[in-house]
Amino acid sequence: MNIIIIGCGKVGRTLAEELNEEDNNITVIDTDAAKVKTLTEMTDVMGIIGNGAMHSVQKEAGIEDADLLIAVTGSDELNLLCCLIAKKAGDCRTIARIKNPQYSNESEYFMDELGLAMVINTEYAAASEIARVLRFPSAIKIDTFANGKVELVKFRLPDESPIVGMSVKSMAMSLKCDVLVCTVERNNEAYIPNGDFVFAEKDVISIIASHKNANEFFKKIQYKANSVRDAIILGGDEISQYLCDILLKYGINITLIDKDIKRCNELSERWSDVTVICGHPSDKQVLLEEGLANTESFVCLENIDEENIFLSLYAKSINEDCKIITKINRIDFDAVISKLELDTIINPKSITADVILRYVRSMKNSMGSNVETLYNVIKGKVEAAEFLVKENSPVLGKPLMELKFKNDVLIAAIIRNKKVIIPRGQDVICAGDSVVIVSKILALHDISDVLA
């Protein structure tokens with residue numbers, strides 16, 4: 001596919017790198033010459049210095065032959081204008097990132113009347129992911145397939161977990177839960193485990209199951225499976241506001257702490273059932289007075305990564321049973337941050353990039369691919385992809401045990417007639433099934449790619 005990306009910030013850079021690896025032709029546009037130069041030197045993409053909202057610049061980038069234009073600059077208005085010009089100049093599909101909540105409320109109009117293929121709100125997407133985790137606090141991360149019928153849940157094993165020292169096979173026999181272990185992360189290594197793999201302390205594990213079966217599994221291993229009852233949220237910007245709106249619908253009690261008196265007054269008027277505290281989020285006395293020692297969840301959404309990390313570690317030292325969520329904007333030091341054993345890390349820009357990447361994969365569906373949904377299970381190491389199996393697929397009709405798969409490939413779930421099947425060797429894939437595959441083979445485009 002021919003793809004133009006306007007904006008070479010963190011989202012644009014991530015998109016350019018990952019889409020380029022999937023054999024797309026990428027051209028990036030930005031007014032910052034240094035950003036364009038850095039990105040073109042790091043990756044095999046074309047770069048143009050200029051204003052992406054100008055027809056002449058888009059024409060130079062090849063808009064007339066483009067399949068998709070993605071506008072991810074820091075300005076909502078500029079992103080929308082870039083997409084409008086692209087629709088007129090090249091009639092390609094367009095995606096705009098927006099941040100202003102007022103524009104978010106108009107997203108349906110933008111798509112229906114202005115012809116945008118997607119409007120992605122970074123802050124709302126991040127808030128939605130945080131809310132999913134708070135409803136299932138044992139998880140580090142939750143991804144869904146088949147319109148929510150299947151969940152891929154990532155969690156960390158505590159030292160005292162009853163399954164530490166057990167093999168995958170013995171755990172399945174002992175717990176009798178219909179779940180499948182997909183991945184294990186240990187010491188910066190990623191594994192797709194077989195039945196003999198033995199769990200160790202602090203392993204980060206991903207399982208796949210229906211929501212009901214995942215709940216049953218976590219109860220049996222003595223993990224908290226019910227939604228948190230209360231939350232302390234640090235920071236009152238857009239992500240926090242979206243998050244409060246969502247959590248109030250779930251009946252979760254919220255205390256929000258922000259240092260800006262004007263913002264606090266506005267938020268107090270907006271919600272009668274949110275406790276808004278004006279104070280510095282890093283003030284230990286304020287945190288303790290507002291119930292840090294007893295709260296069930298603590299969400300750090302300040303704008304400084306270091307402050308969020310520091311406060312998260314402090315909260316864990318005060319209340320080790322608390323579910324802690326930490327927003328981190330920089331992705332450069334994720335290998336170092338992972339060693340801090342923070343509960344759940346939220347990177348809004350990575351979430352945005354992942355949503356757009358899934359859309360691009362689905363576009364390729366009409367060009368011969370059949371990827372329906374895609375998630376990074378372990379960034380850069382393991383992906384989970386959902387495929388819609390077609391009539392002529394070579395995987396049809398044979399028991400899974402008779403098919404020859406490439407190494408590091410796992411058939412994780414089959415969805416047939418709205419029923420979730422956690423597959424065993426004798427199960428057969430049928431036309432029309434949705435199949436979830438977990439694999440170290442990145443950028444799969446067709447289910448046949450997993451066959452040896």
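Asp 203 is buried, its relative accessible area being 0%. In this predicted model, that residue makes a useful point of entry, since its side chain meets that of Arg 186 in a salt bridge with an N to O distance of 2.7 Å. Arg 186 belongs to strand S9 (residues 180-186), whereas Asp 203 sits in the loop between strand S10 (189-191) and strand S11 (204-209), so the contact ties together parts that are 17 residues apart in sequence. Unlike Asp 203, which is buried, Arg 186 counts as partly exposed, with a relative accessibility of 23%.

Strand S9 also contains Val 184. This valine counts as buried because its relative accessibility is 0%, and buried means under 20%. Val 184 and Val 204 are separated by 20 residues in sequence, yet their C-alpha atoms lie 5.6 Å apart in space.

A second salt bridge joins the side chains of Arg 416 and Asp 433, again described by an N to O distance of 2.7 Å. Here the pair links distant parts of the chain: Arg 416 is in strand S20 (residues 409-416), and Asp 433 is in the loop between strand S21 (419-421) and strand S22 (434-439), 17 residues apart. Arg 416 is partly exposed at 25% relative accessibility, while Asp 433 is buried at 2%.

The next pair is found between helices. Asp 245 forms a salt bridge with Arg 270, and the closest N and O atoms are 2.7 Å apart. Asp 245 lies in helix H10 (residues 238-249) and Arg 270 in helix H11 (residues 261-270), so that distant parts of the chain, 25 residues apart, are linked by this pair. Asp 245 has a relative accessible area of 28% and is partly exposed; Arg 270, at 41% relative accessibility, is likewise counted as partly exposed. In general, side chains of opposite charge can pair when their charged atoms come close. The structure holds 15 salt bridges, among them the pairs described above.

Charge also appears on the surface without such pairing. Glu 160, Glu 201, Glu 320 and Asp 321 form a negative surface patch. One of these residues, Glu 160, is found in the loop between strand S8 (150-156) and helix H8 (168-175). Glu 160 is exposed because its relative accessible area is 63%, and exposed means over 50%.

A further acidic residue, Asp 354, is located in helix H15 (residues 348-365). With a relative accessible area of 17%, Asp 354 is buried. The C-alpha atoms of Asp 354 and Phe 333 are separated by 19 Å, the two residues being 21 apart along the chain.

These local features can be placed within the overall fold. The chain comprises 15 helices and 22 strands, and 54% of its 452 residues count as buried. Its C-alpha atoms fill a box of roughly 65 × 65 × 40 Å along the principal axes. For 452 residues, a compact globule would have a radius of gyration near 22 Å, and the 23 Å of the chain agrees with that expectation.

Note on methods. Residues are numbered from 1 along each chain as its sequence is written. This is a predicted model: local features need pLDDT of at least 70, side-chain atom pairs count only at pLDDT 80 or more; totals for chains, interfaces and linings use all residues. Side-chain values use heavy atoms; hydrogens and water are left out. A salt bridge is a side-chain nitrogen of Lys or Arg within 4 Å of a carboxyl oxygen of Asp or Glu. Helices (H or I, at least four residues) and strands (E, at least two) are DSSP runs, numbered from the N terminus. Buried means under 20% relative accessible area, exposed over 50%, partly exposed in between (1.4 Å probe, protein chains only). Patches are made of residues with over 30% relative accessible area and no salt bridge: like charges are joined within 9 Å, nonpolar side chains (Val, Leu, Ile, Met, Phe, Trp, Tyr) within 5 Å. Accessible areas come from the Shrake-Rupley method with a 1.4 Å probe; for residues, only the protein chains shown count as cover. Lys and Arg count as positive and Asp and Glu as negative; His and the chain ends are not counted. The place of a charge is taken as NZ of Lys, CZ of Arg, CG of Asp or CD of Glu. The radius of gyration is taken over C-alpha atoms; the globule rule is 2.2 Å times the number of residues to the power 0.38.
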